[in-house]
Amino acid sequence: NIHFKLYAAMFLGHKGYALAAVEELEDLLPERLLRSPSPAGFPFVNIGESFLAMRYHCWVRFGCWEDILAHPLPTDEEFYCVTLCTARYARSLAYALGDPQDMEK
């Protein structure tokens, strides 16, 4: 399970392995898949979109404040609501814990 691999890497402090797992997750969840119905009939986004927020969890774990602030926010705020929420959480940490001069921007 890629999600478990990601968290195991984060727990062990292996940034490279964690980011590789993030990329694996993102590759498995293209937008066309998220917009299609699941076998149970409800939109796949309901169960898949939260995994796209894992990039922000990984960046927070390793203090990648510049990456967080440089990454664009999702444009479809309703569709990517979990990712957007997690991105805003990560950005607030980046401003609070990163370079103090960034808070003035």
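Glu31, Arg35 and Asp76 are joined in a network of salt bridges. The model is a predicted one, and the distances given here are computed from its atoms. Between Glu31 and Arg35, the closest N and O atoms are 2.7 Å apart. Arg35 also forms a salt bridge with Asp76, and here the closest N and O atoms are 2.9 Å apart. This second pair links distant parts of the chain, with the two positions 41 residues apart in numbering. Asp76 lies in the loop between α6 (65-70) and α7 (81-97), while Arg35 lies in the loop between α3 and α4 (45-48).

How buried or exposed are the members of this network? Glu31 has a relative accessible area of 36%, so it counts as partly exposed. Arg35, at 44%, is partly exposed as well. Asp76 has a relative accessible area of 30% and therefore also falls in the partly exposed class.

A search of the whole structure finds 5 salt bridges. One of them is formed by the side chains of Glu26 and Arg55, with an N to O distance of 2.8 Å. This pair, too, links distant parts of the chain: Glu26 belongs to helix α2 (residues 15-28) and Arg55 to helix α5, 29 residues apart. In general, side chains of opposite charge can pair when their charged atoms come close. Glu26 is partly exposed, with a relative accessible area of 26%. Arg55 has a relative accessible area of 12%, which is under the 20% limit, so Arg55 counts as buried.

Arg55 sits in helix α5, which covers residues 54-61. What does Arg55 touch, apart from its neighbours within four places in sequence? Its contacts are Leu19, Val22, Glu23, Glu26 and His71. Glu26 is thus listed among the contacts of Arg55 and is also its salt-bridge partner.

The burial of Arg55 can be set beside that of its helix. In α5, 6 of the 8 residues are buried, so the helix is largely enclosed by the rest of the structure. The buried residues are Met54, Arg55, Tyr56, Cys58, Trp59 and Val60. Which elements cover them? The cover includes α1 (2-12), α2, α6 and α7. Just after α5, Gly63 takes a positive phi of about 65°.

Helix α5 also takes part in lining a pocket. The largest pocket has a volume of about 260 Å³. It is lined by 14 residues, and those closest to its centre are Glu26, Leu52, His71, Pro74 and Thr83. The elements that give two or more residues to this lining are α3 (31-34) and α5. By class, the lining holds 9 nonpolar, 2 polar and 3 charged residues.

Two of the residues closest to the pocket centre, Glu26 and His71, have already appeared as contacts of Arg55. Glu26 therefore has two roles in this account: Glu26 forms the salt bridge with the buried Arg55, and Glu26 lines the largest pocket.

Conventions:
Residues numbered from 1 in each chain as written. Predicted model: local features only at pLDDT ≥ 70, side-chain atom pairs only at ≥ 80, totals over all residues. Heavy atoms only, no water. Helix = DSSP H or I, 4+ residues; strand = E, 2+ residues; numbered from the N terminus. Contact = heavy atoms within 4.5 Å. 1 Å grid on protein atoms, 1.4 Å probe; cavity = no way out; pocket = protein on both sides within 12 Å on 5 of 7 lines; lining within 4 Å. Points joined across faces, edges and corners; volume = space filled by probe spheres on them. Nonpolar A, V, L, I, M, F, W, Y, C, P; charged D, E, K, R; others polar. Salt bridge = Lys/Arg side-chain N within 4 Å of Asp/Glu carboxyl O. Buried < 20%, exposed > 50% of the residue type's maximum accessible area, 1.4 Å probe, protein only.
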